[in-house]
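Good morning, and thank you for coming. I would like to take you through one structure in a few steps, and I ask that you keep the display in view as I speak.

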Amino acid sequence: MTPIEQLKKDIATFRRLDKRHRWLFIWDYYRIPIISVLIIAAIGAAVAFGVMRDDKDLYIVMVNANREVVVESVPTQLEKNGIDLAGMKIDVETSYTLKYEDFTQADVQTVEVLAVRFGIGDLDVFAADEPVFRSYAEKDAFVDLSLFIPKDVLGSKEADLYRYRNSDGHEIVGGIWLRKGSPLHEAGLYSGDVLIGVAALAENLDNALLFIRNFFD
């Protein structure tokens, strides 16, 4: 089948779908070029306007968090609940929602934006419910915490470690479970169990690891 014939077939299929399934169809078949264009655009914007962005010591993205929590209050709330920010200036993003079981246009946009942020290292720490976290773990999006955190410290939280095999077949610790009573829960950001990890391309890797260490103490 020629490219033109395939395109005509895709258009015919697209027209038969309802609105929700049209978004899924576009994402399934065209996500690579979409993400590629977005990454190129983001890199260009970063180069052009990077000097205008406020310098922060840590960028945290929390997906499916409670959006009623005032973002500006998050650092204070975390410190009140035992998180040592060591004077760091942090940027917290809680506006992203992503529900794979009921995929909408908003979810497509979230996936696109997160692909860019992960791709250019524009986030350091990532928190989300297990389906969302797993989808990025499968893309090798997180550092292996066992390379940076001593074994005895890891062992103290063994039951909460999120272990899985990466694309090379090696078992890694890509995240840690946070449950009711954690600083994020006490700050009102989540009610159910969530996972938190450090982005593989984190710009502020050292600060991200210091932040994550709080959850092992």
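**Sheet, helices and salt bridges**

E171 has a relative accessible area of 46% and is therefore partly exposed. Please note that the model before us is a predicted one.

Let us stay with E171 for a moment. Which residue forms a salt bridge with E171? The partner is R163, and the closest N and O atoms are 3.6 Å apart. R163 is likewise partly exposed, at 36%.

I now turn to the sheet. A general remark may help: strands of a sheet pair through backbone hydrogen bonds, and they do so in either a parallel or an antiparallel manner. Here we have an open sheet of 6 strands with mixed pairing, and the order is β2-β1-β3-β6-β5-β4. Which strands stand at the edges? They are β2, residues 90-93, and β4, residues 161-165. Each has a single partner strand, so one side of each is left without a neighbour in the sheet. From one strand to the next, the twist averages 25°.

Consider one pairing in detail. Strand β1, residues 58-62, runs parallel to β2, and 4 bridges join the two. Within this pairing, Y59 has D91 of β2 as its bridge partner.

Next, the helices that accompany the sheet. Helix α5, residues 130-137, packs on the sheet and touches β3, β4, β5 and β6. The direction of α5 makes about 135° with that of β3. Helix α8, residues 205-213, lies across β1, β3 and β6, and runs at about 145° to β6.

Let us return to the salt bridges. How many are there in the model? The count comes to 7 salt bridges. One of them joins the side chains of E130 and R134, with 2.5 Å from N to O. These two residues are 4 apart in helix α5, which means that about one helical turn separates them. R134 has 34% relative accessibility, so it counts as partly exposed. There is also a network here: salt bridges that share partners join E130, R134 and E138.

My final example is the salt bridge between R179 and D160, whose closest N and O atoms are 3.2 Å apart. What does this pair tie together? R179 lies in the loop between β5 and α7, whereas D160 lies in the loop between α6 and β4, so the pair ties together parts that are 19 residues apart in sequence. R179 is partly exposed, with a relative accessible area of 32%.

Definitions and conventions:
Residues are numbered from 1 along each chain as its sequence is written. This is a predicted model: local features need pLDDT of at least 70, side-chain atom pairs count only at pLDDT 80 or more; totals for chains, interfaces and linings use all residues. Side-chain values use heavy atoms; hydrogens and water are left out. Two strands pair if DSSP finds at least two bridges between them. Axes are lines fitted to C-alpha atoms, for helices over the stretch in contact, and angles run from 0 to 180 degrees between N-to-C directions. Contact means heavy atoms within 4.5 Å. A salt bridge is a side-chain nitrogen of Lys or Arg within 4 Å of a carboxyl oxygen of Asp or Glu. Buried means under 20% relative accessible area, exposed over 50%, partly exposed in between (1.4 Å probe, protein chains only).
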